[in-house]
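Hi everyone, thanks for making time for this. Please have the sequence and the model open so that you can follow along.

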Amino acid sequence: MPQSAPAHRSAGPLALVAVAALAQVYVGLPLFVGGLPVSSDLAIHFAEIAQIARSIEHGDLSLWNPMFNLGFASGYFYQALPQLAVALPYLLLGKLVPLLLLYKVSLVAPMVLLPLTAYRGLRVAGVTPWSAAVA
């Protein structure tokens, strides 16, 4: 049975990974100031999510969106699952949490989780704790 490393030896790499995750939070903070993130692409994705939320709310599950994609269904060009990951919590929470806030969280969450998931994946692959943390 493998013996686990003492807590003091594994704390350093984990602290480095935590610092990397916090750095990503810092990078994402400007998104939470002001209104819609400044980028036409981000604005289009937000509008698409809002349209999907409206469609679901009104029982239109065809997700037809005449204002984007030359009138094709929303899932025709864009992946619908990431957009549903924002629209559904908005509707399930009874619109108590603003859609724009959920959208901004969805933009920052992958950046914050990246150092944590990369570290874990490398450790599972057998990389040493320090090498995984630095990677």
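Let's start at Lys 104: leaving aside residues up to four places away in sequence, Lys 104 touches Leu 31, Phe 32, Val 33, Gly 34, Gly 35 and Pro 37. Please keep in mind that what you see is a predicted model. Lys 104 lies in helix α5. Is Lys 104 buried or exposed? Its relative accessible area is 4%, and buried means under 20%, so Lys 104 counts as buried.

Now find Leu 36. Leu 36 sits in the loop between α1, residues 7-28, and α2, residues 40-57. Which residues does Leu 36 touch, not counting those up to four places away in sequence? They are Ala 43, Phe 46 and Leu 100. Leu 36 counts as partly exposed because its relative accessibility is 36%, and the partly exposed class runs between the 20% and 50% limits. Here is a nice pair to click on: Leu 36 and Leu 101 are 65 residues apart in sequence, and their C-alpha atoms are 9.5 Å apart in space.

Let's zoom out for a moment. How many helices and strands does the protein have? The count is six helices and zero strands, so to speak an α-α-α-α-α-α pattern when you read along the sequence. The protein has 135 residues, and 27% of them count as buried. If you take the contacts between residues at least 6 apart in sequence, 61% of them join residues at least 24 apart. As for the outside, the accessible surface comes to about 8,700 Å², and 71% of that belongs to carbon and sulfur atoms.

Next, the inside. In soluble globular proteins, nonpolar side chains tend to be buried together. In this model, the largest nonpolar core has 13 residues. Those with the most contacts inside this core are Ile 49, Ile 52, Val 86, Ala 87, Tyr 90, Leu 99 and Tyr 103. Which elements give two or more residues to this core? They are α2, α4 and α5, and the largest share, five residues, comes from α2. Take Leu 99 from that list: not counting residues up to four places away in sequence, Leu 99 touches Phe 46, Ile 49, Ala 50, Val 86 and Tyr 90.

Then there is the largest pocket, with a volume of about 200 Å³. Twelve residues line this pocket, and the closest to its centre are His 45, Ile 49, Pro 82, Gln 83 and Tyr 103. You may recognise Ile 49 and Tyr 103, which were also on the list for the core. The helices α2, α4 (80-92) and α5 (99-124) each supply at least two residues of the pocket lining. Which of the helices gives the largest share of the lining? That is α4, with four residues. By class, the lining has eight nonpolar residues, four polar ones and no charged ones.

One last stop, Lys 95, which is found in the loop between α4 and α5. Most residues other than glycine have a negative phi. Lys 95 is not a glycine, yet its phi is positive, about 60°. With 38% relative accessibility, Lys 95 counts as partly exposed.

That's my tour, and I'm happy to take questions.

Technical notes
Residues numbered from 1 in each chain as written. Predicted model: local features only at pLDDT ≥ 70, side-chain atom pairs only at ≥ 80, totals over all residues. Heavy atoms only, no water. Buried < 20%, exposed > 50% of the residue type's maximum accessible area, 1.4 Å probe, protein only. Contact = heavy atoms within 4.5 Å. 1 Å grid on protein atoms, 1.4 Å probe; cavity = no way out; pocket = protein on both sides within 12 Å on 5 of 7 lines; lining within 4 Å. Points joined across faces, edges and corners; volume = space filled by probe spheres on them. Nonpolar A, V, L, I, M, F, W, Y, C, P; charged D, E, K, R; others polar. Areas by Shrake-Rupley, 256 points an atom, 1.4 Å probe, with all protein chains shown as cover. Core = buried A, V, L, I, M, F, W, Y, C linked by side-chain atoms within 4.5 Å.
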